[in-house]
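Me: Got a minute to go through a model with me? I'd like to talk cysteines and then aromatic rings.

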Amino acid sequence: MEFKFKVHIKIQKPIAEVFDGIYNPKKLSGYFTTGGASAPLDEGTTVQWDFADFPGAFPVKVTKTIKNELIALTWEAGEADAAGKRYDTHVEMRFESLGPKNTLVTITEGRWNETEAGLKGSYGNCMGWTQMLCCLKGYLEHGLNLREGAF
């Protein structure tokens, strides 16, 4: 069984604004990477995501960017494989226009080791991406930072 999940949310904003809400480091830092994001999510770059409520920055390797359609990245899983080697999971953020004022954002992540620790890691990240999407919706639709004080 492959440890992989998919979460999604509809945001009542045009696709270009929703895409920029994740791609743009200033906006991303306004609701998700509360300790900062070092750069835009351009294909081929490695950016640092920092969270004020969790210590340390996380390197995020952007593998593909298609404006208003896709952001794909990899980042390190929270566990090592059986040989003790660290490995990456794969994340895809897809954007679908549902008309001029509505966008569906779908995030999938997968490729955890099929172990107890891999299952636990997948559940934790599923929760994290679900919270990120809710925070994105609150930020873009209402100017709120729902992450503030949540952890």
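Reply: Sure, here are the cysteines and then the ring pairs. This is a predicted model, where local features need pLDDT of at least 70, side-chain atom pairs count only at pLDDT 80 or more, and totals for chains, interfaces and linings use all residues. Residues are numbered from 1 along each chain as its sequence is written, and side-chain values use heavy atoms, with hydrogens and water left out.

Me: How many disulfides are there?

Reply: Zero, with a disulfide being a pair of cysteine sulfur atoms within 2.5 Å.

Me: Why is Cys126 not bonded?

Reply: Its closest cysteine sulfur, in Cys134, is 11 Å off, so that's too far for a bond. Cys135 is in no disulfide either, as the sulfur of Cys134, the nearest one, is 6.9 Å away.

Me: Is Cys135 buried or exposed?

Reply: Buried, at 9% relative accessibility. Cys126 is partly exposed at 23%. Buried means under 20% relative accessible area, exposed over 50%, partly exposed in between (1.4 Å probe, protein chains only).

Me: OK, rings now. How many aromatic pairs?

Reply: The count is 12. Rings of Phe, Tyr and Trp (its six-membered ring) pair if their centres lie within 6.5 Å; planes under 30 degrees apart are stacked, over 60 edge-to-face, the rest tilted.

Me: What about Phe19 and Phe95?

Reply: Their centres are 5.0 Å apart and their planes at 65°, so they're edge-to-face. Both are buried.

Me: And which residues form a cluster?

Reply: Ring pairs join Phe32, Trp49, Phe51, Phe58, Trp75 and Trp129.
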